[in-house]
Amino acid sequence: MAGPEAGAEAARARALAVLRIRGAALGVALVPAAVAVVLLVGGLTGRIGRADPVTSSGGWDTARWAVTGLALVVLLLAALVTAVVVRARPALSPSVPIAESSAPDLYRLVRDLADRLEVPAPSAIALTPDCDSWLEDRTHRAHAPPRGRAARGGEGAGARDGARAVQAPVLVIGSPFMWWMRVAELRALLAPVVAGTGPSANPDIAAARRFVRGLDAAVAVSANARSPLTAPAPAFVGWVARLLLRACREHALEMERCVAAAASERAQSVDYGLRIVAQEQVGLAYAGWDRLLTRVALPAWRMGRWPSRLDAGVVSALTELSRRDRLAEGFASRLGERPACDLLEEPGAVDRAASLLAARLFHGGPAEPGPDWSPVGWQQYPEEVVDRKWRQEAARLHRVLDALPPAPGEGAQSPRPRRRRSGPPAPSAAYPTRPRSPRARSPQRRKPLGRESPWPCSRQGGSRQDGSRQGRSPRCRASGPPIPGRRVPVRH
């Protein structure tokens, strides 16, 4: 694309395509009603059939009543689907809301970034226990805050700010980013995300997104309906919603791609060099966060304890890794810069809330701490989690070993048989005797000592058969008279 304006126009064109599908669905629902109105008006004016009910033909009257009844049924079903789509609550990402009073520096950084990008500022900021950041539209009446809450000036200015706050999306930031990244890296990372508020302010794009979110919420409502008395109505609503979602799926996907492309194009002028470094830190934070959850937090969650400082644990683990790793020498210099968690007034309380939310999302624990769901600090973690886990595993191993059946023949042991000093072992079922070859069974032939030997040298003086004398070969034994009673093997 040529620029952010071109991407925004492409996104608006896709949004108009989604709105045309909505208009087409509404037109299909109004077709029977329009036909019924035409038949009724034509009958009253005498242009279709006669106005006199006595002399009018019965066919037109039957058609009028049939079409009118069909139109009423279709209008009733359309009203039901519209009510469910409009009133259904869209899915909301679980997050920890950050008030402006608890993070004034963070709100100031985001507003300054929005001013540099020339886009509307997000209405609020929230943290989520995930390595990702996005904009979330909470313009639904169930999600929107009170209009007077966003007022920061006079009455007129407060009303205008409240109206703008309802329309602007909410910026959701991953909590590991706040603790691991530096302030400059966080600003570079949030630049393309905040730039997405520009296309979101377009009324066509906002209407298309509300329509798609309403359809998705209607499908969820129909799937969660359990009453057998009202089962046909939710099933019909779900079928219509899924049909409309399939019709506008391609346009909605292309609209979001165009919005992301426009936001990325607009954010290239803001800290482009730092964005590359920030993306490297995103991968490192994701790896550390995943390993911390699976290796450290999960055993504690299974015991009814949840670590209250997960984000601080990620920072400690990654800092130790970067200090001992020779390939990460560049990370040591960035540790002296200001971390992004300093933008919060009470980072410990926010970390505790994010850790509890992570336990509820990834493990299914309760939303509030209790006697069976208590927090644990990193100082008490080895004693209360590691030692307890080892004891449980040892007890489990002992139970498994006790449950094993005894080995056969372990109770009464037979006396060990004596081993013969000479001769082959006795044949048994496990070790059968191997049949010998005829050559092995025949007695070995020995050559008399007085005859000539086929070896290169003889016993007497090491002379050859031709009478020549030669030094002793390594294969020959020492020369001299033969020893009485000693047999010399002869190679055949």
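This briefing walks through the cores, helices and charged pairs of the structure above. Keep in mind that the model is predicted. Its largest nonpolar core has 53 residues, a second, separate core has 24, and the salt bridges come to 13. Disulfides, on the other hand, number zero.

**The largest core**

- Let's start inside: the largest nonpolar core is made of 53 residues, and M178, L186, V194 and L344 have the most contacts within it.
- Several elements give two or more residues to this core: the helices α3 (104-117), α5 (175-180), α6 (183-194), α10 (272-302), α11 (310-324) and α13 (347-362), along with the strands β2 (124-128) and β4 (170-174).
- Of these, α10 gives the most, with eight residues.
- In general, nonpolar side chains in soluble globular proteins tend to be buried together.
- If you want one residue to click on, try L186: leaving out residues up to four places away in sequence, L186 touches L106, I173, F177, M178, M181, A340 and L343.

**Helix α6, where L186 sits**

- L186 is one of the buried residues of α6, and the helix as a whole is mostly covered, with nine of its twelve residues buried.
- The buried set is V183, E185, L186, A188, L189, L190, A191, V193 and V194, so you can see that E185 is in there too, since it falls under the 20% cut-off for buried.
- You can also check the length of α6: at 1.5 Å a residue, its twelve residues should span 16 Å, and the end C-alpha atoms are 15 Å apart, which agrees.
- Two of the α6 residues, L190 and V193, are in contact with S133.

**S133, a loop residue**

- S133 is found in the loop between β2 and β3 (134-136).
- Is S133 buried or exposed? It counts as buried, because its relative accessibility is 14%, and the cut-off is under 20%.
- Setting aside neighbours within four places in sequence, S133 is in contact with V172, I173, G174, F177, L190 and V193.

**Helix α9 and its kink**

- Helix α9 covers residues 232-266, which makes 35 residues.
- At 1.5 Å a residue, α9 should span 51 Å, and its end C-alpha atoms are 48 Å apart, which agrees.
- Where is the kink in α9 centred? Look at C248, where α9 bends by about 50°.
- C248 itself is buried, at 1% relative accessibility.
- Another cysteine, C258, is buried as well, with a relative accessible area of 8%.

**V237 and the second core**

- V237 also has its place in helix α9, and V237 counts as buried at 4% relative accessibility.
- Not counting residues up to four places away in sequence, V237 touches L80, V81, V84 and A218.
- A218 turns up again in the second, separate core of 24 residues, which includes V18, A218, V219 and L245.
- For a sense of distance, the C-alpha atoms of V237 and A223 are separated by 10.0 Å, and the two residues are 14 apart along the chain.

**Charged pairs**

- Side chains of opposite charge can pair when their charged atoms come close.
- Here the salt bridges come to 13, and one of them joins the side chains of E100 and R111, at 3.0 Å from N to O.
- Why does this pair tie separate parts together? E100 lies in the loop between β1 (96-98) and α3, whereas R111 is in helix α3, so the pair links parts that are eleven residues apart in sequence.
- E100 is partly exposed, with a relative accessible area of 31%, and R111 counts as partly exposed at 26%.
- D105 and R108 form a salt bridge too, their closest N and O atoms being 2.7 Å apart.
- Both lie in helix α3, three residues apart, which is about one turn of the helix.
- D105 is partly exposed, with a relative accessible area of 26%.
- The D105 and R108 pair belongs to a network of salt bridges that also links R338.
- Over in helix α9, R257 and E254 lie three residues apart, about one turn of the helix, and their salt bridge has its closest N and O atoms 2.8 Å apart.
- R257 counts as partly exposed, at 48% relative accessibility.
- The spacing makes sense: an α-helix has 3.6 residues a turn, so residues three or four places apart point the same way.

Conventions:
Residues are numbered from 1 along each chain as its sequence is written. This is a predicted model: local features need pLDDT of at least 70, side-chain atom pairs count only at pLDDT 80 or more; totals for chains, interfaces and linings use all residues. Side-chain values use heavy atoms; hydrogens and water are left out. A disulfide is a pair of cysteine sulfur atoms within 2.5 Å. Buried means under 20% relative accessible area, exposed over 50%, partly exposed in between (1.4 Å probe, protein chains only). Helices (H or I, at least four residues) and strands (E, at least two) are DSSP runs, numbered from the N terminus. The expected span of a helix is 1.5 Å times one less than its number of residues. The bend at a residue is the angle between axes fitted to the seven residues ending there and the seven starting there. A nonpolar core is a set of buried Ala, Val, Leu, Ile, Met, Phe, Trp, Tyr and Cys residues joined through side-chain atoms within 4.5 Å. Contact means heavy atoms within 4.5 Å. A salt bridge is a side-chain nitrogen of Lys or Arg within 4 Å of a carboxyl oxygen of Asp or Glu.
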